Amino acid sequence: MGVVASIQHMPQELQFPMLEFAEALEEKLQSELAVRRSDFIALQNTVTELAQAQRRTEQRVEELAEAQRRTEESLNRLIGRVDRIETNLGRLIGDNLERKYRERAFSYLGQILRPVQSIPLQDMLPELEAHLTEAEVDELLPLDLLLRGRAQHVDDRPEVWLAMEVSAVVDKWDVERAVNRARLLAKAGLLVVPAVAGEEITQGASEMAAQQPVLVLQDGQRFHWQESLSAVLGSTAG
C-alpha cells in the first residue's frame with residue numbers, strides 16, 4: 001500500500017499534517033536525488049575528461065617515441081656518413097703518405113740507405129713465385145712500399161730491402177703486417193727490414209715496433225733502425 005493510500009485510511013484530523021509531511025519528504029528526496037544525479041553527471045564528465053586526457057597523453061607519448069626513433073635514425077645515418085668520411089679521409093691521407101714516401105724516399109732514408117729505390121712488387125713476382133706458395137705471394141701483394149738500398153755505415157754495405165706499411169695512424173696491425181711480409185720476402189732470399197711509416201703511431205704499435213724490432217718513420221724521424229738492421233744481419237749471419 002502506498003504512502004498516500006495509507007494516509008487516506010487515517011482519521012481525518014491526521015490526514016492533513018501527514019500529507020504535508022509526505023509532500024515535504026518527497027520534495028527533500030527529489031532534491032537529494034537531483035543533487036546525486038548532478039554529482040553523478042559531474043563524475044561521469046570527469047571520468048570522460050580523464051580518459052580523453054589519458055588518450056592525448058598516450059598519443060603524445062607515441063608521437064615522442066616516433067620523434068625519438070626518427071632522431072636516432074637520423075643520428076645513425078649521420079654517424080655512418082661521418083665514419084665513411086673519416087675512412088675516406090684516412091685512405092686519402094694514407095695514399096698521399098705512401099706516394100710521398102715513394103717519391104721522396106731518399107729524403108727520409110738517404111742517411112741510412114743509398115741509393116734508395118722503390119721497387120714495384122710485380123717486378124719481383126717471378127723470383128717470389130719461385131720461393132713462395134701462391135697463398136704467400138697473395139699475402140705480399142697488398143704491401144704498400146718495397147724499397148731497396150745499400151746500408152750505410154755497415155761493413156760491405158749490404159743490399160737491404162724495406163717492407164713498409166704506410167698509414168696516417170700506424171697501429172699494431174700495420175706493425176704485424178710489416179713483420180709478416182718482411183718474413184715472406186726473406187724466404188725469397190732478400191735481406192729485409194720490416195718498416196712502418198705515418199704521421200702518428202699508437203702506443204701499442206710503438207711498443208710492438210720496439211720489441212720486434214721494426215723501423216718506424218714518423219713525421220720525418222726514424223726509430224729502431226740500428227736494432228732492426230742488426231736483427232736482420234744477425235739472423236743472416238746465424
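In the predicted model, arginine 157 is located in the loop that connects S2 and S3, and its phi is positive, at about 45°, although the residue is not a glycine. Aspartate 156 is found in the loop between S2 and S3 as well, and here too phi is positive, with a value of about 70°, in a residue that is not a glycine. These values deserve mention because most residues other than glycine have a negative phi. With regard to solvent, aspartate 156 counts as exposed because its relative accessibility is 78%, whereas arginine 157, at 34% relative accessibility, counts as partly exposed.

The strands on either side of this loop, S2 (residues 145–150) and S3 (residues 159–166), pair in the antiparallel sense, with six bridges between them; within this pairing, leucine 147 stands opposite leucine 162 of S3. Both strands belong to an open sheet of six strands, in which the order is S1-S2-S3-S5-S7-S8 and the pairing is mixed. The edges of the sheet are formed by S1 (117–118) and S8, each of which pairs on one side only. Further along the order, S5 (residues 192–198) and S7 (residues 215–218) run parallel and are joined by four bridges, with leucine 215 of S7 serving as the bridge partner of alanine 195. The pairing between S7 and S8 (residues 221–223), by contrast, is antiparallel and extends over three bridges, and in S8 it is arginine 222 that acts as the bridge partner of leucine 217. S7 and S8 form a hairpin with two residues between them, and aspartate 219, in the turn, has a positive phi of about 55°. Helix H6 (residues 172–187) lies across S2, S3 and S5, and its direction makes an angle of about 155° with that of S5.

Two cis peptide bonds were also identified in the model, and both precede a proline. The bond from arginine 114 to proline 115 has an omega near -10°, and proline 115 is placed in the loop between helix H3 (105–109) and S1. The bond joining glutamine 212 and proline 213 is likewise cis, with omega at about -5°, and proline 213 is situated in the loop between helix H7 (203–211) and S7. As a general matter, most peptide bonds are trans.

The structure holds nine salt bridges. One of them, in helix H6, links aspartate 174 to arginine 177, with the closest N and O atoms 2.5 Å apart; because the two residues are three positions apart in H6, they are separated by about one helical turn. Aspartate 174 counts as buried because its relative accessibility is 5%, while arginine 177 is partly exposed, with a relative accessible area of 32%. A network formed by salt bridges with shared partners joins Glu66, Arg69 and Arg70.

Helix H2 (residues 12–103) contributes further pairs. Arginine 36 forms a salt bridge with glutamate 32, and the closest N and O atoms are 3.5 Å apart; these residues are four positions apart in H2 and are therefore separated by about one helical turn. Glutamate 32 counts as partly exposed, since its relative accessibility is 33%. In another pair, the side chains of glutamate 63 and arginine 60 meet in a salt bridge with an N to O distance of 3.6 Å, and both residues lie in helix H2, three residues apart, which corresponds to about one turn of the helix. Glutamate 63 has a relative accessible area of 39% and is thus partly exposed.

A nonpolar patch on the surface is formed by Leu75, Leu78 and Ile79, which together have about 260 Å² of accessible area. Of these residues, isoleucine 79 lies in helix H2 and counts as partly exposed because its relative accessibility is 40%.

At the level of the whole chain, the secondary structure comes to eight helices and eight strands. Buried residues make up 30% of the 238 residues, and the chain exposes about 15,700 Å², of which carbon and sulfur atoms supply 53%. Among the contacts with a separation of 6 or more, 57% are accounted for by residues 24 or more positions apart.

Definitions and conventions
Residues are numbered from 1 along each chain as its sequence is written. This is a predicted model: local features need pLDDT of at least 70, side-chain atom pairs count only at pLDDT 80 or more; totals for chains, interfaces and linings use all residues. Side-chain values use heavy atoms; hydrogens and water are left out. Two strands pair if DSSP finds at least two bridges between them. Contact means heavy atoms within 4.5 Å. Axes are lines fitted to C-alpha atoms, for helices over the stretch in contact, and angles run from 0 to 180 degrees between N-to-C directions. Patches are made of residues with over 30% relative accessible area and no salt bridge: like charges are joined within 9 Å, nonpolar side chains (Val, Leu, Ile, Met, Phe, Trp, Tyr) within 5 Å. Accessible areas come from the Shrake-Rupley method with a 1.4 Å probe; for residues, only the protein chains shown count as cover. A salt bridge is a side-chain nitrogen of Lys or Arg within 4 Å of a carboxyl oxygen of Asp or Glu. Buried means under 20% relative accessible area, exposed over 50%, partly exposed in between (1.4 Å probe, protein chains only).
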